[in-house]
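Visitor: I am new to reading protein structures. Could you walk me through one, feature by feature?
Guide: Gladly. Have the picture open and ask as we go.

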Amino acid sequence: MGVQALYDNGNPIAAAQVSVYEPGNNETPWKTGSTDEEGCFFFAPNANGDWTVEVEDAQGHATSFSFQVDGSAIAEEPQQPAEKPSVMQFIVALAVIFGV
């Protein structure tokens, strides 16, 4: 599973801090990291339910969003896609929130 953080002008938000929270635990991140130079961050959910992702750039712009995971998205180990997707489910939400 991947998310891509973009500013409203379409530029990627590189090195943004990302926190992923598993279902039922919005206090302690399940995984943390940063977006790559293309604003992408990949992770592999290991349980069904409502997951939450928080993204914050160096200027303090931040957003969070939740999404539902079902059995088809569960993986045991994170797998980096061979080619990064050009369109991801959360681009629009991030682009609107990170507008500068």
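Visitor: In what order do the elements of the protein chain run from the N terminus on?
Guide: One caution before the answer: this is a predicted model. From the N terminus on, the order is β-β-β-β-β-β-α. Counted up, the chain has 6 strands and 1 helix.

Visitor: Which strands form the open sheet, and in what order?
Guide: To read a sheet, follow the pairing from strand to strand. Here 4 strands form an open sheet, in the order E3-E2-E5-E6, and the pairing is antiparallel. E3 and E6 are the edge strands, since each pairs on one side only. From one strand to the next, the twist averages 20 degrees.

Visitor: How many bridges join E2 to strand E3? And over how many do E2 and E5 pair?
Guide: Bridges are the links to count here. E2 (residues 17-21) is joined to E3 (residues 31-34) by 4 bridges. With E5, E2 pairs over 5 bridges. Both pairings are antiparallel.

Visitor: What is the bridge partner of Ser19 in E3, and what is it in E5?
Guide: Look to each side of E2 in turn. In E3, Ser19 is partnered with Thr32. In E5, the partner of Ser19 is Glu54. Next along the chain, Val20 has Val53 as its bridge partner in E5.

Visitor: Why is strand E2 largely enclosed by the rest of the structure?
Guide: Check burial residue by residue. A residue counts as buried under 20% relative accessible area. In E2, 4 of the 5 residues are buried, so the strand is largely enclosed by the rest of the structure. For the whole chain of 100 residues, 37% count as buried.

Visitor: Which residues have the most contacts inside the largest nonpolar core?
Guide: To read a core, look for buried nonpolar side chains that touch one another. The largest one here has 15 residues. Those with the most contacts inside it are Val18, Val20, Phe41, Phe43, Val53, Val55 and Phe67. Strands E2, E5 and E6 each supply at least two residues of this core.

Visitor: What does Val20 touch, leaving out residues up to four places away in sequence?
Guide: Its contacts include Pro29, Trp30, Phe41, Phe43, Trp51 and Val53. Lys31 and Thr52 are also among the residues that Val20 touches.

Visitor: How far apart are Val55 and Gln17 in sequence and in space?
Guide: Compare the two distances. Val55 and Gln17 are 38 residues apart in sequence, but 5.7 Å apart in space, C-alpha to C-alpha. Val55 sits in strand E5. Its relative accessibility is 3%, so Val55 counts as buried. Now take the whole chain: among contacts between residues at least 6 apart in sequence, 58% join residues at least 24 apart.

Visitor: Is Phe65 buried or exposed?
Guide: Use the cut-off again. Phe65 has a relative accessible area of 10%, so Phe65 is buried. Find Phe65 in strand E6, which covers residues 62-69. The C-alpha atoms of Phe65 and Trp51 are separated by 8.4 Å, and the two residues are 14 apart along the chain.

Visitor: Where is the place of Asp57?
Guide: Loops deserve a look too. Asp57 is in the loop between strand E5 (49-56) and E6. With a relative accessible area of 6%, Asp57 is buried.

Visitor: Which backbone nitrogens lie 3.1 Å and 2.8 Å from a polar atom of the side chain of Asp57?
Guide: At 3.1 Å, look for the backbone nitrogen of Gln59. At 2.8 Å, look for that of His61.

Key. Residues numbered from 1 in each chain as written. Predicted model: local features only at pLDDT ≥ 70, side-chain atom pairs only at ≥ 80, totals over all residues. Heavy atoms only, no water. Buried < 20%, exposed > 50% of the residue type's maximum accessible area, 1.4 Å probe, protein only. Polar contact = N/O pair within 3.5 Å; in protein donor to acceptor, adjacent residues only side chain to side chain. Pairing = 2+ DSSP bridges. Axes fitted to C-alpha atoms, helices over the stretch in contact; angles between N-to-C directions. Core = buried A, V, L, I, M, F, W, Y, C linked by side-chain atoms within 4.5 Å. Contact = heavy atoms within 4.5 Å.
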